[in-house]
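Trainee: Got a minute to walk me through this model? I'd like to start with how the elements are named.

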Amino acid sequence: MANKVLSRIDSASGCEVDKILLRDFTSSFRCGYVVAEGGVTMPHGYVDVCDKIAQFSLRDDDIFVASFPKSGTTWTQEMVWLLGHNFDYEKAKEFLPARFPFLEHTPLFDYRGFHRKFPDFDVPPYVNNSVQFINNMSNPRFIKSHLPYDLLPEQISLNTGKSKIIYVWRNVKDCLISYYHHCILLEGYKGNFDNFYKMFLANKVGYAPFWAHVLGFWKRRDQENILFLRYEDMKADLPSVIRRVASFLGKPCSEEQLLKLADHLSFENMKKNPAVNYEPVCEMNKKLGLINAEGSFMRSGTVGGYKTYLTQEQIGEIDKWTEKCLEGTGFSP
Ligand code: PPS
């Protein structure tokens with residue numbers, strides 16, 4: 001096993017959620033799961049890249065957007081990219097993952113085998129070998145990752161104050177519902193909601209445990225190179241968050257530029273923007289016969305949508321679980 005990986009998740013473990021994970025969450029590009037340092041659940045392909053990620057060479061002007069999945073990453077990425085590129089809306093028409101690649105894209109969505117099956121299908125380089133793609137990028141690099149702090153490139157902790165990290169988090173209940181829909185739409189999850197819910201609370205979905213992820217960045221929130229954002233604040237007052245991000249990045253932003261950016265970043269506009277709405281990927285999955293699910297990546301974009309989804313019992317259970325996970329940390333969600 002590679003350095004950061006502790007064990008492989010095995011259905012013979014006798015653990016019900018492990019069985020559910022392996023039965024309902026294997027797909028054409030997902031063959032199994034491992035437990036990484038910190039008890040983090042990762043797709044098996046992570047084994048091939050974890051050392052490369054740990055040893056990844058940082059540059060002083062690298063900018064990371066980090067998050068637990070479904071916390072507003074894409075929203076934050078588009079904001080950060082435009083602030084960092086002098087509001088170049090023309091260049092922003094390029095597909096977001098090509099401009100703002102995802103560090104661990106390859107092990108998560110491994111399309112490499114499909115090239116053999118469909119020779120006409122060109123796997124984009126940021127998918128084919130995401131780490132190498134980012135290594136070859138020119139400065140400044142904008143990099144997305146869902147990895148928890150301790151699994152990010154080791155230079156991040158050694159290089160404090162240089163590469164910047166913008167972390168965004170979201171209330172756990174909306175995040176869970178969004179993640180469930182996402183896994184059906186894009187990751188080949190075939191199970192039902194109740195089983196997904198069980199896996200989430202048992203830390204057996206990709207990148208879980210959720211609260212340890214948030215805490216890993218929250219406890220470093222006062223470091224000069226870390227900005228800690230919240231999805232709900234972006235919903236409540238996006239212009240204020242844009243101002244904070246612009247100031248963190250040292251990028252001037254006039255009132256006019258700010259209003260235009262806030263409009264570009266509205267849910268309605270992002271939903272119809274093919275550069276960020278992932279519709280092209282959903283279409284491609286359908287064309288390749290990989291996933292045939294209905295739905296949109298830009299699904300509801302709301303705060304509190306979980307209330308129509310979770311039972312009172314589940315809400316109570318999540319609250320208790322949260323209290324236990326946060327006990328003694330000083331963090332109040
Ligand atoms: S991913 O795949 O993990 O990177 O997903 P991520 O981008 O983190 O999260 C997707 C959710 O963010 C919502 N979203 C937005 N909400 C409000 N306004 C804007 N502009 C916006 N852009 C994306 C998106 O709809 C997903 O949430 P749900 O609850 O599923 O709608």
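Mentor: Helices and strands here are DSSP runs, numbered from the N terminus; a helix needs at least four residues and a strand at least two. Keep in mind that this is a predicted model.

Trainee: Okay. Where is Pro140 found?

Mentor: Pro140 is in the loop between α8 (130-135) and β5 (142-145). The peptide bond from Asn139 to Pro140 is cis, with omega near -10°.

Trainee: Which other peptide bond is cis?

Mentor: The one from Ala208 to Pro209, with omega near 15°. Pro209 sits in the loop between α11 (193-201) and α12 (210-218).

Trainee: Why flag those?

Mentor: Because most peptide bonds are trans.

Trainee: Switching to the ligand. How many residues surround it?

Mentor: The ligand has 23 residues around it. The closest are Thr73, Thr74, Ser178, Ser300 and Gly301.

Trainee: Which helices supply at least two residues each to that shell?

Mentor: α3 (73-84), α10 (172-186), α13 (231-236) and α16 (267-271). Of the elements, α3 gives the most, with three residues.

Trainee: And how does the shell divide into nonpolar, polar and charged?

Mentor: Eight nonpolar, 10 polar and five charged.

Trainee: Let's get to atoms. What lies 2.5 Å from an oxygen atom of the ligand?

Mentor: A polar side-chain atom of Thr74. Ser178 also places a polar side-chain atom by a ligand oxygen, at 2.7 Å. Tyr231 has a polar side-chain atom 2.8 Å from a nitrogen atom of the ligand.

Trainee: How much of the ligand does the protein bury?

Mentor: The protein buries 98% of the 640 Å² that the ligand exposes when taken alone.

Trainee: So what about the space the ligand takes?

Mentor: That space is the largest pocket. The pocket has a volume of about 840 Å³.

Trainee: Which residues lie nearest its centre?

Mentor: Lys70, Thr74, His182, Tyr278 and Phe297, out of 49 that line the pocket. Elements that give two or more residues to the lining include α4 (96-99), α5 (105-108), α7 (125-128) and α17 (279-287). α3, α10, α13 and α16 are on that list too.

Trainee: And how does the lining divide?

Mentor: Into 31 nonpolar, 11 polar and seven charged.

Trainee: Back to Lys70. What is its phi?

Mentor: Lys70 has a positive phi of about 70°, although it is not a glycine. Most residues other than glycine have a negative phi.

Trainee: Where does Lys70 lie?

Mentor: In the loop between β4 (63-67) and α3. So keep both points together: Lys70 has that positive phi, and Lys70 is among the residues nearest the centre of the largest pocket.

Methods:
Residues numbered from 1 in each chain as written. Predicted model: local features only at pLDDT ≥ 70, side-chain atom pairs only at ≥ 80, totals over all residues. Heavy atoms only, no water. Near = heavy atom within 4 Å. Polar contact = N/O pair within 3.5 Å; in protein donor to acceptor, adjacent residues only side chain to side chain. Areas by Shrake-Rupley, 256 points an atom, 1.4 Å probe, with all protein chains shown as cover. 1 Å grid on protein atoms, 1.4 Å probe; cavity = no way out; pocket = protein on both sides within 12 Å on 5 of 7 lines; lining within 4 Å. Sits in = over half its atoms within 2 Å of the grid points. Nonpolar A, V, L, I, M, F, W, Y, C, P; charged D, E, K, R; others polar. Points joined across faces, edges and corners; volume = space filled by probe spheres on them.
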